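Colleague: I am new to this structure and should be grateful for a close look at a single part of it. Please choose one residue and describe its surroundings.

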Amino acid sequence: MIVKPFSPSPFTLGLEALLARLHPAHPQFPKFEQELKRQQAGDFGEQYIMNELQTLSTDFQLFHNVILPSVFAVQIDILIVTPNGIIILEIKNIKGTVLLKNNPRQLVRTTETGEVTVFTHPEIQLEQYIQGMKHFLQQHNITIPIYGAIVFPFNNVQIQREGEGLPILMAKDLPMYIHTLPLCTESTSIQNITSKIMKNIKTKTPYPLCRYYNIDINSIQMGIRCEKCLHYSMTRQKRTWHCANCQHTCVRAHIQALRDYYMLIGNTITNKQCRQLLNIENTHLAKRILQASCKVRGGSTKNRIYTLPELP
Ligand SMILES: [Zn+2]
């Protein structure tokens, strides 16, 4: 059963918004394109594993992207709670040849074109998450075995490993791995563990990305992008937004622009900033839109600051 379903990484959503609003000639544009591809590949692999696990038995609980408060940072790609133990999966959707080096521990990836990139060995993160989870469960007086595995979703990778360590599995190995875990003698309620996890789950985002990546806000394209032709040519006409380029109309076109603002520039916005963003002059219209979409934070009527809603 899925307790916390798959959702794209906040980096994926933020970088999509960033690339849509950053000029392609910006010096960091290619770097962000690469980063988005990496994030999307990660999401794709995690979504694939979630779908595969969903088709298995129903006697376990499935969570995507679990961040928990603990002595160590716990940021788990996929968490499975079964009557026999908790399984933490670290998903690596990497193509090419992968060498998992032992001393020092590193993941060295070589692509088909011979490009070599060195990453953190996934075992280092996984060990930390296991320790963090142990600590979290201890705090809630729960005793249950904790397992961890590194999972490669697809057969587009050739893996070599130096020495021994935590299990490395292909996605197709997962069903057998889960079903052959040693029987747990502790009588721990899965529902209790699930409710403790859900109650303590944290969200963590890199927003606003302009601050995260140190990008000048003036490099960000303002305006509302037409969802049909992708031009920034939406203008307000009567009670709707109208695209001067392709004639598309949409009543809710400003919503994505405000989400973009939240992900790229900040979680608060003034009437003036809203008018710049939506390319409108009417202060009353901006006020109506902000009152409908935001919580009011403070400031005098003239300089009111609105707080944009958090993204799920
Ligand atoms: Zn259009």
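Modeller: Not counting residues up to four places away in sequence, His 64 touches Lys 4, Pro 5, Phe 6, Ser 7, Glu 46, Met 50, Asp 77 and Ile 78; contact means heavy atoms within 4.5 Å. The model is predicted: local features need pLDDT of at least 70 and side-chain atom pairs count only at pLDDT 80 or more, while totals for chains, interfaces and linings use all residues. Residues are numbered from 1 along each chain as its sequence is written, and side-chain values use heavy atoms, with hydrogens and water left out.

His 64 belongs to strand β2, residues 61-68; strands are DSSP runs of E with at least two residues, numbered from the N terminus. His 64 counts as buried because its relative accessibility is 2%, where buried means under 20% relative accessible area (1.4 Å probe, protein chains only). Its side chain reaches the backbone nitrogen of Ser 7 at 3.3 Å.

One of the residues touched by His 64 is Asp 77, which is found in strand β3, residues 74-82. Asp 77 is also buried, yet has no salt bridge, that is, no side-chain nitrogen of Lys or Arg within 4 Å of a carboxyl oxygen of Asp or Glu. The nearest side chain of opposite charge is that of Lys 92, 5.8 Å away; Lys and Arg count as positive and Asp and Glu as negative, whereas His and the chain ends are not counted. A polar atom of the Asp 77 side chain lies 2.8 Å from the backbone nitrogen of Ile 91. Beyond four places in sequence, the contacts of Asp 77 include Glu 46, Phe 63 and Leu 89.

Methods
Helices (H or I, at least four residues) and strands (E, at least two) are DSSP runs, numbered from the N terminus. Buried means under 20% relative accessible area, exposed over 50%, partly exposed in between (1.4 Å probe, protein chains only). A polar contact is a pair of N or O atoms within 3.5 Å; within protein, one must be able to donate a hydrogen and the other to accept it, and residues adjacent in sequence count only if both atoms are side-chain atoms.
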